[in-house]
Amino acid sequence: MLSHGARLPAVRKIAVLRANGIGDFIFALPALEALRAAYPHAEITLLGQAWHAGLLNGRPGPVDRVIVTPPSRGVNEGPDGPPVEDPAELERFFAAMRRERFDLALQLHGGGRYSNPFVLRLGARLTAGTRTPDAAQLDRWIPYVYFQNETLRWLEVVALVGAPPVGLEPRLWLTEADHAEVRAALPEDGSMLVALHPGAGAAMRRWPVERFAQLGDALAAQGATVVVTGARADEQPLVAGVVAAMRYPAHNLWGRLSLGGLAALFACSHVVISNDSGPLHLAITVGAPTVGIYWGPNVINAAPATRARHRPVIGWRLSCPHCGRHRLHAACDHDVSFVAEVPVAEVLAAARELLETARLRAPAQSAGQERG
């Protein structure tokens with residue numbers, strides 16, 4: 001009987017379930033690299049969403065291929081809530097997965113209430129993941145406790161199958177096509193490049209547009225070229241609002257770059273200033289210096305572990321500014337910012353500190369080019 005932590009022999013195929021957002025995937029990258037190091041000859045298949053395939057197909061890294069999962073409650077959900085499941089489509093999917101004859105199936109997708117039964121239906125020789133008390137039990141598991149650094153959580157899971165950490169920082173390799181997108185969207189002029197990202201998946205994590213504009217003006221006054229980024233449809237007004245509110249000119253790059261192109265832009269940036277969002281974590285993967293604006297409790301789960309290049313700036317409001325309800329104890333329906341009170345001066349000081357550091361080291365572009 002193999003013990004927890006023992007490496008499984010004769011592993012040819014590994015399935016990893018991680019079918020959620022950009023930041024969620026990035027948190028799991030060190031775990032995927034640990035798997036690749038522990039099982040160098042195995043094929044690693046990510047069971048994800050369509051955007052994973054668009055980003056990862058043909059890109060160097062620990063994932064060999066992506067299989068897009070069908071709409072499934074608690075696993076592959078769209079932005080508008082629980083999906084409409086097609087039982088026949090799901091059955092065809094699981095039949096195809098059983099034919100793959102995976103040796104390992106890893107659940108890196110939450111507490112397991114929905115994802116553990118999903119993984120068990122893959123028919124793998126051995127399963128591992130996290131588990132809340134109401135979730136089905138896998139062969140090897142650790143308890144899912146919400147407040148835990150996400151990168152460390154998934155490193156703990158892969159350690160259950162004999163894959164110790166090989167690094168804590170997530171990495172994404174860039175391609176020439178990524179760099180070409182940036183050259184087409186933003187001709188290089190030799191100035192400091194500052195990227196602002198005012199979007200976030202939830203309003204409570206969004207710093208106000210006018211504060212991003214004040215910050216952009218302060219940095220543009222020092223000679224920086226300011227770009228404002230966004231990808232999702234709901235980020236268009238945020239990006240346009242920042243650009244319109246600034247006194248200095250700024251480049252509106254909403255919708256002009258793919259995820260790979262956005263990563264290459266961040267790799268070229270001397271500092272990226274962003275709400276806690278997928279693009280912030282994308283910037284971290286390519287070595288960009290970052291100032292992240294976080295709601296206090298989210299620092300535990302989502303902030304980077306190191307500080308040489310990264311400065312979390314934290315909003316400590318815990319009660320809803322509209323109804324006063326304590327958000328750690330109960331949810332409310334008010335779509336308001338919990339980080340609005342973070343001072344511009346604090347974010348600006350962190351950005352200037354990183355810019356000064358950038359002046360003393362090799363140009364930021366080299367970090368991206370080395371990964372190209």
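## Chatting through a predicted model

Me: Before the core, what about Ala10: buried or exposed?
Reply: Ala10 is exposed, with a relative accessible area of 65%. Keep in mind that this is a predicted model. Ala10 is found in the segment before strand 1.

Me: What is its phi like?
Reply: Ala10 has a positive phi of about 55°, although it is not a glycine. Arg101 also has a positive phi of about 55°, and Arg101 is not a glycine.

Me: Where is Arg101, and is it buried or exposed?
Reply: Arg101 is in the loop between helix 3 (87–100) and strand 4. Its relative accessibility is 60%, so Arg101 counts as exposed.

Me: OK, moving inwards. How many residues does the largest nonpolar core have?
Reply: The largest nonpolar core has 58 residues. Those with the most contacts inside it are Ile14, Val16, Leu35, Tyr39, Leu265 and Phe266. Helix 1 (residues 22–38) gives the largest share of this core, nine residues.

Me: And the second core, what does that include?
Reply: The second core is separate and has 36 residues, including Met192, Trp207, Val242 and Val291. As general background, nonpolar side chains tend to be buried together in soluble globular proteins.

Me: Back to Ile14. What is it in contact with, leaving aside neighbours within four places in sequence?
Reply: With those neighbours left aside, Ile14 is in contact with Leu35, Tyr39, Ala42, Glu43, Ile44, Thr45, Phe102, Leu104 and Leu106.

Me: Which residues of strand 1 are on each side?
Reply: Lys13, Ala15 and Leu17 are on one side, with Ile14 and Val16 on the other. Both faces are covered, and these residues are all buried. Put as a count, five of the five residues in strand 1 (residues 13–17) are buried.

Me: How does strand 1 run relative to strand 2, parallel or antiparallel?
Reply: Strand 1 and strand 2 (residues 43–48) run parallel and are joined by five bridges. The bridge partner of Ile14 in strand 2 is Ile44. With helix 1, the two strands make a right-handed β-α-β unit.

Me: And what about strand 4?
Reply: Strand 4 (residues 104–107) runs parallel to strand 1, and four bridges join them. Val16 stands opposite Leu106 in strand 4.

Me: Switching to the six-stranded sheet. What is its strand order?
Reply: The order is 9-8-7-10-11-12 in an open sheet, with parallel pairing.

Me: Which strands stand at the edges there?
Reply: Strand 9 (251–252) and strand 12 (310–315) do. Each has a single partner strand, so one side of each is left without a neighbour in the sheet. Strand 9 pairs with strand 8 (residues 225–228) in the parallel sense over two bridges. Within that pairing, Val227 stands opposite His251 in strand 9.

Me: Which strands does helix 10 lie across?
Reply: Helix 10 (residues 278–285) lies across strand 7 (193–197), strand 10 (271–275), strand 11 (290–295) and strand 12. It runs at about 145° to strand 11.

Me: New topic: helix 5. How many of its residues are buried?
Reply: Seven of the 10 residues of helix 5 (residues 150–159) are buried, so this helix is largely enclosed by the rest of the structure. The buried ones are Glu150, Thr151, Arg153, Trp154, Leu155, Val157 and Val158.

Me: What do they pack against?
Reply: The buried residues of helix 5 pack against helix 1, strand 4, strand 5 (126–131), strand 6 (140–143) and helix 11 (296–302).

Me: And what caps the N-terminal end?
Reply: Asn149 caps the N-terminal end of helix 5. A side-chain oxygen of Asn149 lies 3.1 Å from the backbone nitrogen of Thr151.

Me: I noticed an arginine in that list. Why does Arg153 count as buried?
Reply: The relative accessible area of Arg153 is 1%, and buried means under 20%.

Me: What are its partners?
Reply: The side chains of Arg153 and Gln148 are joined by a polar contact of 3.4 Å. Leaving aside neighbours within four places in sequence, Arg153 is in contact with Thr130, Ile142, Tyr144, Val145, Tyr146, Gln148 and Asn301.

Me: Ile142 is in strand 6, right? Which way do the side chains point there?
Reply: They alternate along strand 6. Arg140 and Ile142 point to one face and are buried, while Trp141 and Pro143 point to the other and are not buried. Strand 6 pairs with strand 5 in the parallel sense over four bridges, and Trp141 is the bridge partner of Gly129.

Notes: Residues numbered from 1 in each chain as written. Predicted model: local features only at pLDDT ≥ 70, side-chain atom pairs only at ≥ 80, totals over all residues. Heavy atoms only, no water. Core = buried A, V, L, I, M, F, W, Y, C linked by side-chain atoms within 4.5 Å. Buried < 20%, exposed > 50% of the residue type's maximum accessible area, 1.4 Å probe, protein only. Contact = heavy atoms within 4.5 Å. Pairing = 2+ DSSP bridges. Right-handed = clockwise from strand over helix to strand, strands pointing away. Axes fitted to C-alpha atoms, helices over the stretch in contact; angles between N-to-C directions. Polar contact = N/O pair within 3.5 Å; in protein donor to acceptor, adjacent residues only side chain to side chain.
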